[in-house]
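User: I am new to this structure. Please pick one part of it for a close look and explain in plain terms how that part fits in with the rest.

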Amino acid sequence: MAVRIDIDALRDAAGAEVCAAADRLTASGQPTEVLPVGGGASGVVHEVGRPPYEVWVGVTADGFTAECDCTAETDCTAETDLCAHAVALTAAALAEGFAWSSTATPQSDPAVDPRVAELTVLARGLPARRLAALVAEWAATDPVWEGALRAQAGQPAPRTAVELDGD
Ligand SMILES: [Zn+2]
């Protein structure tokens, strides 16, 4: 079933400061892309001087739900707290007539391998730069990893990976 999202009520809940920051993101064209994920909307917000944040918003059984990388960073446990990224993503999704499901599933749903979950916690504890260096080291030695990294970054697979597939 499709639902509507009341952006005015959302902005009221977020507060003036968050809305002002969200409006700055909207004005700079962030997020550039809104993707349907789990019945909700997902996007990546880029800000100068900050790491990119992946944010998801959707209507779950608990009502409007927002999840953003920035809350993980500050160790905030209140996942429904609205940040500027969530408000900007919602605004972008509404602007393109996004079809919201009333039974969305957040990306962080615990239906993951417990080992992956454990390692995710470990990885989250690393500084972004160290994590990036680690991933880059793996990608440089493993074409599968390199392909996955380039795909996540929106780059086409390198020629070497294609040649290896042809063997
Ligand atoms: Zn955020």
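Analyst: In this predicted model, the axes of helix 6 (residues 128–141) and helix 7 (residues 143–152) come within 5 Å and cross at roughly 125°. Angles over 145 degrees count as roughly antiparallel and 65 to 115 as roughly perpendicular, so helix 6 is oblique to helix 7. The crossing of helix 6 past helix 7 is left-handed. On the helix 6 side, Val135, Trp138 and Ala139 take part, and they meet Trp145, Glu146 and Leu149 of helix 7.

The part chosen for the close look is strand 4, and the whole chain comes before it. The protein chain holds eight helices and six strands. Along the sequence they follow the pattern β-α-α-β-β-β-β-α-α-β-α-α-α-α. Of the 167 residues in the chain, 23% count as buried. Contacts between residues at least 6 apart in sequence include many that reach further: 56% of them join residues at least 24 apart.

Strand 4 covers residues 53–60, and six of its eight residues are buried. The strand belongs to an open sheet of four strands with the order 2-3-4-5 and antiparallel pairing. Strand 2 (35–37) and strand 5 are the edge strands of this sheet, each pairing on one side only. Neighbouring strands in the sheet are turned against each other by 25° on average, with direction ignored.

Which strands pair with strand 4, and through how many bridges? On one side, strand 3 (residues 40–45) runs antiparallel to strand 4 and is joined to it by five bridges. In that pairing, valine 44 stands opposite glutamate 54 of strand 4. The other partner is strand 5 (residues 63–68), which is also antiparallel to strand 4 and is joined to it by six bridges. Here tryptophan 56 has glutamate 67 of strand 5 as its bridge partner. The link between strand 4 and strand 5 is a hairpin of two residues.

One residue of strand 4 is worth following in detail: valine 57. Its place opposite alanine 66 ties it to strand 5. Is valine 57 buried or exposed? There are 29 other C-beta atoms within 10 Å, and 20 or more are enough for a residue to count as buried, so valine 57 is buried. Leaving out residues up to four places away in sequence, valine 57 touches Gly40, Ala41, Thr65, Ala66, Ala86, Leu89 and Thr90. Another residue to compare with valine 57 is tryptophan 100: the two are 43 residues apart in sequence, yet their C-alpha atoms are 9.5 Å apart in space.

The contacts of valine 57 with Ala86, Leu89 and Thr90 lead on to helix 4 (84–95). Helix 4 packs on the sheet and touches strand 3, strand 4 and strand 5. The direction of helix 4 makes about 65° with that of strand 4.

Strand 4 also takes part in the largest nonpolar core, which has 27 residues. Among these, Ala22, Val55, Val57, Ala86, Val87, Ala88 and Leu89 touch the most other members. Two or more residues each come from helix 1 (7–14), helix 2 (16–27), strand 3, strand 4, strand 5 and helix 4. The element that gives the most is helix 4, with eight residues.

Another of the core residues named above is Ala22. Not counting residues up to four places away in sequence, alanine 22 touches Ala84, Val87, Ala88 and Ala91. These contacts form part of the packing between helix 2 and helix 4, where the axes are 8 Å apart and the angle is about 50°. Because of that angle, helix 2 counts as oblique to helix 4. The residues in contact are Val18, Cys19, Ala21, Ala22, Leu25 and Thr26 of helix 2, together with Ala84, Val87, Ala88, Ala91 and Ala92 of helix 4. Helix 2 passes helix 4 in a right-handed crossing.

After helix 2, the loop leading to strand 2 contains proline 31. The peptide bond that joins glutamine 30 to proline 31 is cis, with omega about -15°. Most peptide bonds are trans.

Definitions and conventions. Residues numbered from 1 in each chain as written. Predicted model: local features only at pLDDT ≥ 70, side-chain atom pairs only at ≥ 80, totals over all residues. Buried ≥ 20, exposed ≤ 12 C-beta atoms within 10 Å, placed from the backbone. Pairing = 2+ DSSP bridges. Core = buried A, V, L, I, M, F, W, Y, C linked by C-beta atoms within 7 Å. Contact = placed C-beta atoms within 7 Å. Axes fitted to C-alpha atoms, helices over the stretch in contact; angles between N-to-C directions. Parallel < 35°, antiparallel > 145°, perpendicular 65-115°, else oblique. Left-handed = near helix turned anticlockwise from the far one by under 90°.
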